[in-house]
Amino acid sequence: MNADAKRSIEQDKAHHVHPQSNLRQHAENGPTMITHGKGVFIYDSEGREIIDGFSGLGCVSLGYHNERLASAAMHQMNTLPFAPTFYNRSHPKVAELGERLTAMAPNGMTRAMFQCSGSEANDTAIKLLWYTNTAKGEPNRRKVIGRVRGYHGNTIATVSLSGQPHMHAKFGLPLPEFKHTELPNYYRFHIDGESEQEFSARMAVKFEELILSEGPETIAAFFAEPAISGGGALMPPEGYWEQMQAVLRKYDIKLLADEVVCGFGRTGNMWGSETWGMKPDMVTCAKALSAAFFPVSALMFKDDMYADMMKNSDEVGTFGHGYTYAGHPVGAAVSLEALDIYDEIDLVGHVRKVSGKFLAKCHAMADHPLVAEVRGVGLFCGFELMKDAKTREPFDPSWKVGELVQNFAHDRGLYLRAIGDRMSFMPPLIISEDEIEIATERFKGALDDAWAVVKAKM
């Protein structure tokens, strides 16, 4: 490690507070310092070449070092580096992006609002639900339901909606309007002999019981990722979305599809909603919208909701919401270029082509002594780690088996994400079959390394 890299690490330790990190550990050990990237590879300050098996944070769809996206950003910076979208002002790039996105969105969306992150998009959705319910004469419809281990952001509202206990602890959260239904992890929580369809039916019954206990007239919406990323790349069991949506229709409760991770090809369709037959009333997207080259997100909805917004705007005199950088011209330009690239290289078709090998290689690890279950779709796969796969006996949490696998994978040149004792594997969408071969071999090696440590404890 050279002197510049050492200085960067010391600067980071001294001054940079890291989200979603163990702060004590960081103060002692410092960060892994990533210096550059190309294709599906990132490189650290020690010179290691690492396959990015988590797409940064599920966002680096086109990999690193893309000249077209960089050029689009530079051209826009030289033309119009900033323009507000407040006070009826706009600019050509955001107008085009709104038309482009709504045309490709699932289930007939017609309107788009732009923000800087998935958290902001979901937070805006919550505000608009409250805003439009007031216009409709239903101001008591304020409660919003998420799922245990679901994730929708880190604003005060969206982290309350998220079912992540470690993000609530010590913050005095969640807020009381936010409720959580059960995590649909079939492997962990099915009753012996229960089919996936029967398990999904039970999840729907529990969901309906929650709605009835809270009062259907008080529920604004159910927020859900098509497949749960923050809970560890958890795929929905068979029949789940069909039965959950039936409950929503019964009580006239809106469905928001959080497509922040699943959108733009991750599941082998443009939207996860298409993959699992969801019919959302609202859609949020971010991450791959700009291929992670610029912070941008979108919330999309239909004209009926916009009509209610106009009603309140008429009464108040304005729509009192917005962000300074909403619809930023550079973000809009980069997003449009990313969408062009997706079309030109047939990114969804590429995901479908290589996902066969990806999923086969992942499923081949299902018989590893650490692995109890493997489930995936497209380039999105979750691994359940369990002490005893048959009895579903978990590992002692203090062993941190998932973290062991994650760290050994990094040592072997593969970046993975451990969520407890689940592993999430979601490489950039441009990954080739040869790179899948390398990545999965490194994953298998990391499992072997971790098993040697775990076996000694058993």
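How exposed is Arg68, in terms of relative accessibility? In this predicted model, Arg68 counts as partly exposed because its relative accessibility is 35%, a value that falls between the 20% and 50% cut-offs. The residue makes a good starting point for a look at the charged pairs.

A total of 23 salt bridges is found in the structure. In one of them, the side chain of Arg68 meets that of Glu337, with an N to O distance of 2.8 Å. This contact links distant parts of the chain, as Arg68 belongs to helix α4 (residues 67–79) and Glu337 to helix α14 (residues 329–344), 269 residues apart. Glu337 has a relative accessible area of 18% and is therefore buried.

Helix α10 comes next, with two acidic residues to consider. Glu214 and Lys143 form a salt bridge through their side chains at 2.7 Å, N to O. Because Glu214 sits in helix α10 (residues 196–214) and Lys143 in strand β5 (residues 143–147), the pair ties together parts that are 71 residues apart in sequence. The relative accessible area of Glu214 is 22%, so this residue is partly exposed.

Glu208 is paired with Lys250, and their closest N and O atoms are 2.7 Å apart. Here helix α10, which holds Glu208, is tied to helix α11 (residues 240–250), which holds Lys250, so the bridge joins parts 42 residues apart in sequence. The two partners fall into opposite classes of accessibility: Glu208 is buried at 18% relative accessible area, whereas Lys250 is exposed at 57%.

Finally, salt bridges also link Asp44, Glu46, Arg48 and Asp411 in a network.

Definitions and conventions: Residues are numbered from 1 along each chain as its sequence is written. This is a predicted model: local features need pLDDT of at least 70, side-chain atom pairs count only at pLDDT 80 or more; totals for chains, interfaces and linings use all residues. Side-chain values use heavy atoms; hydrogens and water are left out. A salt bridge is a side-chain nitrogen of Lys or Arg within 4 Å of a carboxyl oxygen of Asp or Glu. Helices (H or I, at least four residues) and strands (E, at least two) are DSSP runs, numbered from the N terminus. Buried means under 20% relative accessible area, exposed over 50%, partly exposed in between (1.4 Å probe, protein chains only).
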